[in-house]
Amino acid sequence: MIVAGIDPGMTGAMVILFPDNSTIVHRVPLMTKGKTQPAWAAWHTLWTGALYDTSMIVIEQVGSMPKQGIASAFNFGRSYGFVHAIASSAGMPVHFVTPAVWKREMGLLKADKNASREEARRLMPSISKEVARVKDDGVAEAALLAYYGRTM
């Protein structure tokens with residue numbers, strides 16, 4: 001089964017996980033124009049094409065965080081909706097899972113972001129270079145969401 005895991009944040013990604021635990025990573029494409037924001041057209045083209053061979057899509061079900069600014073929460077919600085639309089248009093089953101649920105299953109419930117990177121490297125060695133930096137936690141979590149999707 002080929003599963004796509006999606007972390008919808010600005011440092012997020014979509015990771016396609018194959019049966020042999022190999023992966024393809026598609027980061028959220030960004031452009032800088034005043035403030036960093038998603039490159040919407042590139043994001044749509046890249047991710048839509050990548051989803052056609054998947055059997056299932058797992059998206060982290062997230063919401064705004066306490067003390068997050070209004071504009072920031074709005075932009076995050078817009079990105080989350082955009083990811084939902086891309087996934088839904090692929091015609092594959094789409095599952096939403098909260099961080100508490102998938103992290104509990106993966107043994108990462110109270111762990112920091114580095115633990116996600118380490119677990120992704122352990123389970124999917126081919127992703128090691130993609131999760132080498134601290135700021136690659138979104139890629140690691142997308143990979144772990146795909147891995148979790150296999151157990152659903």
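Helices and strands here are DSSP runs, numbered from the N terminus. With that settled, I can place D136: it sits in the loop between α4 (113-123) and α5. A reminder to myself before going on: this is a predicted model.

**Entry 1: D136**

I started with this loop residue. Is D136 buried or exposed? I find it buried, because its relative accessible area is 1% and the cut-off for buried is under 20%. Next I looked for a polar partner, and the side chain of D136 has one in the side chain of R27, at 3.1 Å. Leaving out residues up to four places away in sequence, I noted that D136 touches R27, R117, E130 and V131.

**Entry 2: the sheet**

R27 took me to strand β3, which spans 23-27, so I turned to the sheet, knowing that strands here are DSSP runs. In what order do the five strands lie? I read β3-β2-β1-β6-β7, in an open sheet with mixed pairing. The edge strands are β3 and β7 (94-97), and each of them pairs on one side only. I also checked the twist: neighbouring strands are turned by 20 degrees against each other on average, direction ignored.

Then I went to the β7 edge. How many bridges join β6 to β7? I count four between β7 and β6 (residues 56-60), and the two strands run parallel. For one pairing by name, I picked I59, whose bridge partner in β7 is F96.

**Entry 3: helices over the strands**

Which strands does helix α1 lie across? Helix α1 (residues 40-50) crosses β1 (3-7), β2 (13-17) and β3, and its direction makes an angle of about 160 degrees with β3. I then followed α5 (residues 137-149), which lies across β1, β2, β3, β6 and β7. Against β1, helix α5 runs at about 140 degrees.

**Entry 4: aromatic rings**

I searched the whole structure for aromatic pairs and got three. One pair I looked at closely is W43 with W47: the ring centres are 5.4 Å apart and the planes stand at 85 degrees, so I logged the pair as edge-to-face. Why are these two separated by about one helical turn? They are four residues apart in helix α1, which accounts for that separation. Both W43 and W47 are buried. A nice find to end the page: W43 and W47 form one aromatic cluster together with F82.

Key. Residues numbered from 1 in each chain as written. Predicted model: local features only at pLDDT ≥ 70, side-chain atom pairs only at ≥ 80, totals over all residues. Heavy atoms only, no water. Pairing = 2+ DSSP bridges. Axes fitted to C-alpha atoms, helices over the stretch in contact; angles between N-to-C directions. Contact = heavy atoms within 4.5 Å. Buried < 20%, exposed > 50% of the residue type's maximum accessible area, 1.4 Å probe, protein only. Polar contact = N/O pair within 3.5 Å; in protein donor to acceptor, adjacent residues only side chain to side chain. Phe/Tyr/Trp six-rings, centres within 6.5 Å; stacked < 30°, edge-to-face > 60°.
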